[in-house]
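Biologist: Please show me the model. I would like to ask about its charges and one of its helices.

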Amino acid sequence: MRHTKLTFTALAAAAAIVLSGCAGSTDPGADDSASTPEPAPSFAAGTTMAKLADAGTITIGTKFDQPLFGLMGPDNVPVGFDIEIGKLIASSLGIPDDKIVWKEAVSANREPFIQNGEVDLVVATYTINDKRKEVVSFAGPYYMAGQSILVKADNDDITSEDDLVGQHVCSVTGSTPAAKLAELGAEPLLTDTYTNCLEPLRSGQVVAVSTDNVILAGLAAQNEGEFKVVGKPFTEEPYGIGLALDDTEFRDYINDVLEESYEDGSYQEAWDSTAGQVLEFVDPPAVDRY
């Protein structure tokens, strides 16, 4: 049976639990009952939502090497837009930030992590495509990216994907950009993370790095003056939230959370505090109710 759609009040109640916990009022004259948090949202027994809410914790796979979207911070807690999207979902289940277990996901292990139950969700610049939907389900999309090109700042020879034909270009194993490079006729050099593409670019082993424009913008911003993003995006990459195959109730629930975050401003707040420091805000795409 499909859950009842979350209301704004339910989301606010979950947020109240995160912020106030069980602490009493600091005003000695205040009514103690006023400081008692509202109960967490309730879910149908047996659903993934109920299991996670009861456990009080959630494991989320994300990237640790992608500035703006998912980057390990100095306190060993990842930061970025994908991280904030994961927090929104956890909060709606009554799970506070400090009860989220973040597990590093690289492009090649996202499906196995979900299939093996090592994570409950993957929020990791994860492009939705038909091949992946054969083995995992997706909520969203929550962002529309596009493949582009990163070159050294003094390289004026490469201006579009046409200039990559026959050239050595770095990307990541198991990613859709890597497959697109081979389709274009480039010579892909594959590694496990995009940050590992930067040294081959510096040394001239490759002429470019190619992946989603938002990832490249983060790398350029992190290494100011050394690299630049060139050309217009030449694909559409709808980012989705990966979860167990055919968990329709959980997928629909996450889609409800996403749509409500669009309406109440929490999505844009998440964007502005992370990727929005470099990239302009664009309205999120409609979620896919497949």
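Modeller: What follows is a short exchange on salt bridges and a helix.

Modeller: This is a predicted model, where local features need pLDDT of at least 70, side-chain atom pairs count only at pLDDT 80 or more, and totals for chains, interfaces and linings use all residues. Residues are numbered from 1 along each chain as its sequence is written, and side-chain values use heavy atoms, with hydrogens and water left out.

Biologist: Which residue forms a salt bridge with D156?

Modeller: A salt bridge is a side-chain nitrogen of Lys or Arg within 4 Å of a carboxyl oxygen of Asp or Glu. Here the closest N and O atoms are 2.9 Å apart, and the partner of D156 is K228.

Biologist: How many residues apart in sequence are the parts that this pair ties together?

Modeller: D156 sits in the loop between β8 (147–152) and β9 (168–172), and K228 in strand β12 (residues 227–230). Strands are DSSP runs of E, at least two residues; helices are runs of H or I, at least four; both are numbered from the N terminus. The pair therefore joins parts separated by 72 residues.

Biologist: Is D256 buried or exposed?

Modeller: Buried means under 20% relative accessible area, exposed over 50%, partly exposed in between (1.4 Å probe, protein chains only). D256 has 1% relative accessibility, so D256 counts as buried.

Biologist: How far apart are the end C-alpha atoms of α3?

Modeller: The expected span is 1.5 Å times one less than the number of residues. For the 12 residues of α3 (residues 81–92), that gives 16 Å. The model agrees, with the end C-alpha atoms 17 Å apart.
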